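Please open the model in your viewer and keep the sequence panel beside it, since this tour moves from one selection to the next. At each stop there is something to select, followed by an account of what is there.

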Amino acid sequence: MPFVVVQIRAGTQVLKPWIGVRVPDNSSLNDVYNDLVAGILDQGEPIDDNSAVQLNNVHVHVGKSKKDLTRVDSQCTVAEVVGTLGNFIEFTHDANINRTEPLQCTNAFHILTAAARTLTCVPSNVVVHNQKDKLKNDIISWLKKNGVGWSLQYVETLGNKFLNTLADVMWYIDGNHVTLSSRSCAVPDSFAHFQGYNTPEKRKRKRIAAENLKQAELLAYSGTLFELAANSFMKSDAWKCLYNAILRLATNLRKYADFLNSVNMAIHHNKILKGADETDRVQLLQSTAVIKPTFQARYKQLHTAIAHADKYEVICANDYSPVEPTKKYSFFKELQVPVKCVLFTYTGAREHLSFIWKVPLEGDEAPEYLERNNKNIAEIKNLPHYHTRAMRREFVHSFGQVTNSKPALLREAYRRLTGDRSAASSLTEAEVDARVAEMLELEDPDLICDLRVNNAGRPQEYIVFLEKCQQYIERQVETAVDDRRHDPTTSDGDVVTHLATAMNTRHLYDSVVKDCGDGIPTPSIQWLRLQFWPRRCNSLSATRQKGTLRIKFMVQARQFRKSHVDVHYASSLFRYQKEFAVKFREYCSYISCDDKHTIKVGEPGFPVASAERGKQVLVDMNTKFQVGDHDFTKFKFIPSVHLDIAIPEDIQGSFYRGKVHVGLKDSCFESSSGLRHMTELRQIMEHSDTIKPMLLMHTDGGPDHRTTYLSVQIPLIAYFLDKDLDFLCAVRTPPYHSWKNPAERIMSILNCALQSVGLMRTSTDKEELLKKCGNTTEI
């Protein structure tokens with residue numbers, strides 16, 4: 001439907017002003033005029049026959065603007081004229097003005113004022129990316145519900161400013177409505193429902209602790225609300241209720257900001273009055289002659305420790321106090337002791353530590369009394385500090401990048417600056433740190449030297465072992481399978497072979513150790529790995545490998561997975577099937593079936609890789625890692641896997657345990673089909689101990705297992721009748737999701753057996769005929 005802008009004019013009088021409407025493509029201009037006169041298109045008042053203007057000889061003009069118009073025939077369709085001339089259409093006709101009825105003159109200013117009062121436009125909804133966008137949309141809906149808004153020309157300026165300001169204020173105070181109410185600064189009822197958006201626990205990333213309201217932010221938001229309330233549109237009758245609510249919210253925010261200011265001033269005043277020495281509190285406790293039974297039970301362990309301690313022997317009272325903060329506070333506040341003691345509270349640690357010791361009943365002014373007490377206080381203040389590894393690591397990382405200093409020097413600098421006495425991470429690190437500390441104490445940097453200079457001329461301990469390894473490599477280790485095309489030999493003399501005997505370092509290590517006698521020293525496996533030739537000589541890891549043994553690692557890998565719209569539906573079916581199996585586990589068998597990918601078989605004398613890509617294996621330096629290319633194969637065989645699942649007792653158990661049956665089929669003469677699969681299953685179940693009356697099957701979605709095919713349904717029915725079953729349920733996986741089949745877990749075990757293996761068939765008496773065959777049909 002095209003969009004057009006139309007107008008009806010009679011002489012100099014405008015009967016229908018310019019308005020944009022949508023009209024059908026096949027409508028004629030005459031139809032558009034009749035609908036506009038009747039008030040159908042613009043939803044306005046119709047032009048009646050009793051108008052003071054008599055209409056005659058209608059003319060139609062079309063153009064690309066209001067001033068550039070071309071006259072056209074009224075019988076033309078809208079699609080014809082709009083596509084050629086433009087979308088501005090004006091209907092004009094001759095008019096005879098009836099002077100018997102006077103024309104009413106209207107004040108244009110009154111019309112604009114009335115339109116401004118009736119328009120209630122609000123900002124458009126924003127795209128929701130987070131909770132704050134959702135808050136803005138809820139505010140817009142709230143404005144529509146209250147019937148307030150702005151004129152069309154001010155909605156983008158005043159409207160968006162109001163929306164953003166109110167959203168910022170409600171977002172900031174979200175979660176603190178109760179706090180404001182406790183100080184008689186409650187949020188007005190009109191805005192009380194705007195909460196639950198700024199919740200840190202709903203964020204996807206790391207939670208951020210909710211910050212308390214701050215005086216500066218509250219004053220800023222309060223001033224913004226007062227400025228918003230000063231706009232002229234807030235004085236209208238429609239905005240009266242919201243105007244009062246905004247003023248009340250701004251006043252309460254400023255009131256709470258003043259309260260925070262008074263609290264901050266009091267805290268600052270207390271800090272100024274408190275001396276530096278008052279952070280460590282010393283209290284003299286007089287002996288209590290009669291202690292109530294309740295206090296005796298509470299302080300029994302502490303009283304026992306004080307009684308067995310000598311005079312001026314320091315006791316850590318925190319070891320006898322409760323862990324809960326409130327109970328711990330009352331424990332020390334109401335402390336009563338049977339003898340005269342001194343209680344010292346040390347606040348220099350992360351947790352306040354309280355120490356207590358006995359003092360003589362008399363002699364408070366004696367020099368010994370003051371000296372022993374000050375000595376205890378000085379020793380307590382020198383308690384060691386223990387920092388976390390993260391704190392030390394941040395210091396070493398920050399200053400190590402700038403100064404390019406050694407980590408040992410940075411650790412010692414951190415200890416000396418912070419007083420950290422944390423233990424080293426290892427014995428080696430502790431020994432290095434002790435040497436650095438000694439060097440700094442004696443101011444002699446020559447104490448640290450590289451002792452590796454003494455290794456020159458040192459005899460190698462594992463020469464015989466390395467010779468045995470090289471002999472084993474030359475005798476046994478050949479190349480493994482590769483899926484890339486190479487010639488049998490290369491110009492530099494590298495040999496092409498097809499099987500690797502040593503699959504990994506441990507296999508090589510164990511094989512060489514068997515050849516070594518009892519008197520030959522053997523290294524560790526990791527040391528042997530570092531003697532290999534690097535796979536890439538220009539990599540960073542190559543600096544750690546010596547290349548003594550001319551062998552290296554190579555690897556093959558390939559994976560693919562694709563999505564499907566029915567994956568959720570198929571997963572639900574799989575879960576329902578498992579729940580059914582658990583419910584009737586005593587009466588049903590659960591079978592998972594699948595065919596492994598076809599395995600290529602090479603021609604006589606031309607082996608090919610059994611697996612397209614494999615794991616890393618050991619190869620000789622002078623050999624290539626390859627076999628024949630699979631493009632030249634004619635024969636394949638297919639491993640069929642049947643997993644007789646051991647049904648667990650509940651749905652949370654594993655459905656990947658049970659008996660595994662693997663069969664091999666020739667792809668030419670024993671193609672996979674539903675009948676062949678059910679025949680294989682029948683043979684497997686004949687060797688089973690018991691035949692249960694229910695059978696559940698889970699297969700992939702191939703044509704030989706697709707349950708919607710008749711070729712699969714008929715063998716299922718035949719098996720059902722042959723075994724006289726009471727229930728049979730077959731479920732398949734969705735396309736591209738055969739990995740959901742439990743039998744797929746067995747494929748990785750088969751891959752291990754097929755790694756680094758090249759396959760070829762033996763010769764037959766039909767070789768001349770087979771050479772002429774190019775595909776399976778011809779064979």
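Begin by selecting Leu 143, Met 170, Phe 191, Trp 239 and Leu 249, which touch the most other members of the largest nonpolar core, a set of 38 residues. A nonpolar core is a set of buried Ala, Val, Leu, Ile, Met, Phe, Trp, Tyr and Cys residues joined through side-chain atoms within 4.5 Å, where buried means under 20% relative accessible area, exposed means over 50%, and partly exposed lies in between, as found with a 1.4 Å probe on protein chains only. The elements that give two or more residues to this core are α4 (131-146), α5, α7 and α8 (240-273), and α8 supplies the largest share, nine residues. Helices here are DSSP runs of H or I with at least four residues, strands are runs of E with at least two, and both are numbered from the N terminus.

This is a predicted model, in which local features need pLDDT of at least 70 and side-chain atom pairs count only at pLDDT 80 or more, while totals for chains, interfaces and linings use all residues. Residues are numbered from 1 along each chain as its sequence is written, and side-chain values use heavy atoms, with hydrogens and water left out.

Stay with Phe 191 and show what surrounds it: leaving aside neighbours within four places in sequence, Phe 191 is in contact (heavy atoms within 4.5 Å) with Trp 142, Leu 166, Met 170, His 177, Ala 245, Ile 246 and Leu 249. Then select Val 4, Val 6, Val 62 and Ile 89, which are included in a second, separate core of 19 residues.

Next, select helix α5 (residues 155-173) together with helix α7 (residues 215-229), which pack at an angle of about 150 degrees with their axes 11 Å apart. The axes are lines fitted to C-alpha atoms, for helices over the stretch in contact, and the angles run from 0 to 180 degrees between N-to-C directions. The two helices α5 and α7 are therefore roughly antiparallel to each other, given that angles under 35 degrees count as roughly parallel, over 145 as roughly antiparallel, 65 to 115 as roughly perpendicular and the rest as oblique. On the α5 side, the contact is made by Lys 161, Phe 162, Thr 165, Asp 168, Val 169 and Tyr 172, and on the α7 side by Glu 217, Leu 218, Tyr 221, Thr 224, Leu 225, Glu 227 and Leu 228.

For a second helix pair, move to helix α20 (residues 674-686) and helix α21 (residues 710-722), whose axes come within 8 Å and cross at roughly 25 degrees. That makes α20 roughly parallel to α21. The residues that make the contact are Gly 674, Leu 675, Met 678, Leu 681, Arg 682 and Met 685 of α20, with Ser 711, Pro 715, Leu 716, Tyr 719 and Asp 722 of α21.

Keep Met 685 displayed and add Ser 589, which has its place in strand β12 (residues 588-595). Ser 589 counts as buried, at 11% relative accessibility, and, leaving aside neighbours within four places in sequence, Ser 589 is in contact with Met 685, Lys 692, Met 694, Leu 695 and Leu 696.

Now turn to the loops, starting with Ser 184 in the loop between α6 (177-182) and α7. Ser 184 has a positive phi of about 60 degrees although it is not a glycine. Is Ser 184 buried or exposed? Ser 184 is exposed, with a relative accessible area of 55%.

Tyr 312, in the loop between α10 (300-308) and β7 (315-316), also has a positive phi, near 65 degrees, in a residue other than glycine. Tyr 312 counts as buried, at 9% relative accessibility.

A little further along, select Asn 318 in the loop between β7 and α11 (325-333), where Asn 318 counts as buried at 14% relative accessibility. Not counting residues up to four places away in sequence, Asn 318 touches Lys 328, Phe 332, Glu 351, His 352, Leu 353 and Ser 354.

The last residue to select is Glu 649, in the loop between β17 (635-645) and β18 (658-666), which counts as exposed at 67% relative accessibility. Glu 649 and Lys 583 are 66 residues apart in sequence and 8.4 Å apart in space, C-alpha to C-alpha.

Finally, show the whole chain, which comes to 23 helices and 21 strands, and in which 36% of the 779 residues count as buried.
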